[in-house]
Amino acid sequence: MSDKAIRKIVIVGGGTAGWMAAAPLAKMLGGRCEIELIESEEIGTVGVGEATLPTIRFYNRALELDGVDFIRKTQATFKLGIEFRDWGRVGSKFFHGFGDYGPRIENRSPHHHWLRLRALGDMTPIDACSVSASAAAVDRFTPPVGDAPSVFNAYSYAFHFDASLYARYLRDYAETRGVKRTEGKIVDVELRGEDGFIERLVLANGTEVEGDLFLDCSGFRGLLIEQALKTGYEDWSRWLPCNSAWAVPCESVAPLTPYTRSTARSAGWQWRIPLQHRIGNGHVFCDGFIERDEAARVLMANLDGKPLDDPRPLRFTTGRRRRAWNRNCIALGLAGGFLEPLESTSIQLIENGVGRLIELFPDRDFDPSLADEYNRRMDTQFESVRDFLIVHYKATTRDDSEFWRYCRDMPIPDRLAHQIELFRSSGRVSIHDPESFSEPSWIAMYLGLGVEPRSHDPMVDLIDEGALRGHFERIRGLVRQTVDAMPSQSDFIARNCQA
Ligand SMILES: Cc1cc2nc3c(=O)[nH]c(=O)nc-3n(C[C@H](O)[C@H](O)[C@H](O)COP(=O)(O)OP(=O)(O)OC[C@H]3O[C@@H](n4cnc5c(N)ncnc54)[C@H](O)[C@@H]3O)c2cc1C
């Protein structure tokens, strides 16, 4: 290590973000740099955030976690995607699955061929070509098999897990690799006179903690990035208006569904996340359109099982910190911003935030171009995810409540307006950030919400119609066979990874 190497990293916060940062840093730095994590049991964690995206598997794999042990100890279940109910219009139901709608044909995306066949009168839903959607519809699950492209692995999956157990799991991992955990409440953050870098933290018991690099994982309050460094917050609530939630666990019910459910309500939406030992539920809403007590009542009236607790309130402002990396501080998790729980993107943003920090790891000179690059990449991802979420609200045809009329009529970012118009006119999907949601995800949402393309890629018309029909018959048959051979998720878990 050079004489300018970072000697000590201080992580503020022991929620999902804090321990997700500590674990890979401990693995990578292997004792060559001191890591101290400070958390306060008195303050506690946000205690939600239990649905993930498939990239969580890459994160877990990079840590070399034992996959079965992780599932058992976090009460995890499998997630093939999200079922949307009443979005777009009341009574609608569609699935955003992880995976594509079959292989590309003549280098053209499968949905263009499907659009062509539909125009020719074949009304088979596009989900018949999706393994994840077809398996989810019958509550079946088995992991994809093999690496060679085939129907048997043309899908992906993520996890639902107990957030506090996951943080605990990573804490054990990190502590085993030398991370020091300090219990205590930080009451002061001291900045260096000459450049405003963070120098030390002061705990309520008078202990002082110095460091070179500080990770702010303190949750919504942004103790370092905002309260000390005054970085500023970009408020996106004009596009993502939900600002509150009630959360409550309830007893499990059969069947154990291998997906998250998101049901639109009159002023927001409700999540349902099945774990092995309970179901997590929450009602996300905008308090400008519904009374808070009424929102809690709606949640409690729509649980599948007996509630296991009283509902817990949460408040947030959708948006992001103006600079996630400011001076010698990097904000991860809720301290860096929050785009609301729809599509479960926060944990993925933590994964990527930690990954990019490792890629652009600084020394004590803190070359500003490293922070600029980090912020550029985080900004791109935040904006791309934001726009994907806005589509869920904007593309509605619901007009049964003031909230949905607001969403339907609200102005949206120009780039997103172009993306939607492009799809409407020609079925083409414009992707701003290749590291974020890919083409099949946008297609699932557009078609599910009722954004209908007026035409399709003309190149697909060059393919022989009979051959194309035969191809689709074959793919649908293989998807059916694949799903028929899968066990139910309950059976798969009972046999392989019961908690
Ligand atoms: C309603 C809701 C639903 C969500 N659902 C999902 C989901 O399904 N999927 C998903 O990916 N994400 C979801 N999220 C986001 C997810 O919960 C967070 O990204 C994740 O939990 C990380 O939180 P955190 O660690 O940043 O903050 P927290 O969990 O709030 O942790 C903050 C930590 O900082 C410590 N701390 C704060 N101040 C001090 C101080 N002064 N001194 C010492 N310690 C301090 C606290 O003790 C705590 O340990 C959801 C969020 C909300 C609000």
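This passage describes a sheet, a nonpolar core and a pair of packed helices in a predicted model.

In the predicted model, six strands form an open sheet whose order is 7-2-1-11-20-19, and the pairing within this sheet is mixed. The edges of the sheet are formed by strand 7 (180-183) and strand 19 (325-326), each of which pairs on one side only. Strand 1, which covers residues 8-12, runs parallel to strand 2, which covers residues 34-39, and five bridges join these two strands. One residue of this pairing is Lys8, whose bridge partner in strand 2 is Glu34. Helix 1 (residues 16-29) packs on the sheet, where it touches strand 1, strand 2 and strand 11 (213-216), and the direction of helix 1 makes an angle of about 165° with that of strand 2.

The largest nonpolar core of the model has 139 residues, and those with the most contacts inside this core are Ile11, Val12, Ala21, Ala22, Leu170 and Leu332. The largest share of the core, ten residues, comes from helix 10, which spans residues 368-394. When residues up to four places away in sequence are not counted, Ile11 touches Gly18, Ala21, Ala22, Ile35, Leu37, Leu215 and Cys217.

Helix 10 also contains Ile390. This residue has 20 other C-beta atoms within 10 Å, and Ile390 is therefore buried, since the cut-off for a buried residue is 20 or more such atoms. The contacts of Ile390, again leaving out residues up to four places away in sequence, are with Trp239, Leu240, Ile412 and Leu416. Between Ile390 and Lys306, by comparison, there are 84 residues of separation in sequence and a distance in space of 33 Å, taken from C-alpha to C-alpha.

Two packed helices are described by the angle between their axes and by the distance between those axes. For helix 3 (residues 67-74) and helix 6 (residues 163-176), the axes come within 8 Å and cross at roughly 135°. Helix 3 and helix 6 are therefore oblique to each other, because an angle counts as roughly antiparallel when it is over 145 degrees and as roughly perpendicular when it is 65 to 115 degrees. On the side of helix 3 the contact is made by Phe70, Lys73 and Thr74, while helix 6 contributes Leu165, Tyr166 and Tyr169. By residue character, the contact of helix 3 with helix 6 divides into four nonpolar residues, one polar residue and one charged residue.

Technical notes
Residues numbered from 1 in each chain as written. Predicted model: local features only at pLDDT ≥ 70, side-chain atom pairs only at ≥ 80, totals over all residues. Core = buried A, V, L, I, M, F, W, Y, C linked by C-beta atoms within 7 Å. Buried ≥ 20, exposed ≤ 12 C-beta atoms within 10 Å, placed from the backbone. Helix = DSSP H or I, 4+ residues; strand = E, 2+ residues; numbered from the N terminus. Contact = placed C-beta atoms within 7 Å. Pairing = 2+ DSSP bridges. Axes fitted to C-alpha atoms, helices over the stretch in contact; angles between N-to-C directions. Parallel < 35°, antiparallel > 145°, perpendicular 65-115°, else oblique. Nonpolar A, V, L, I, M, F, W, Y, C, P; charged D, E, K, R; others polar.
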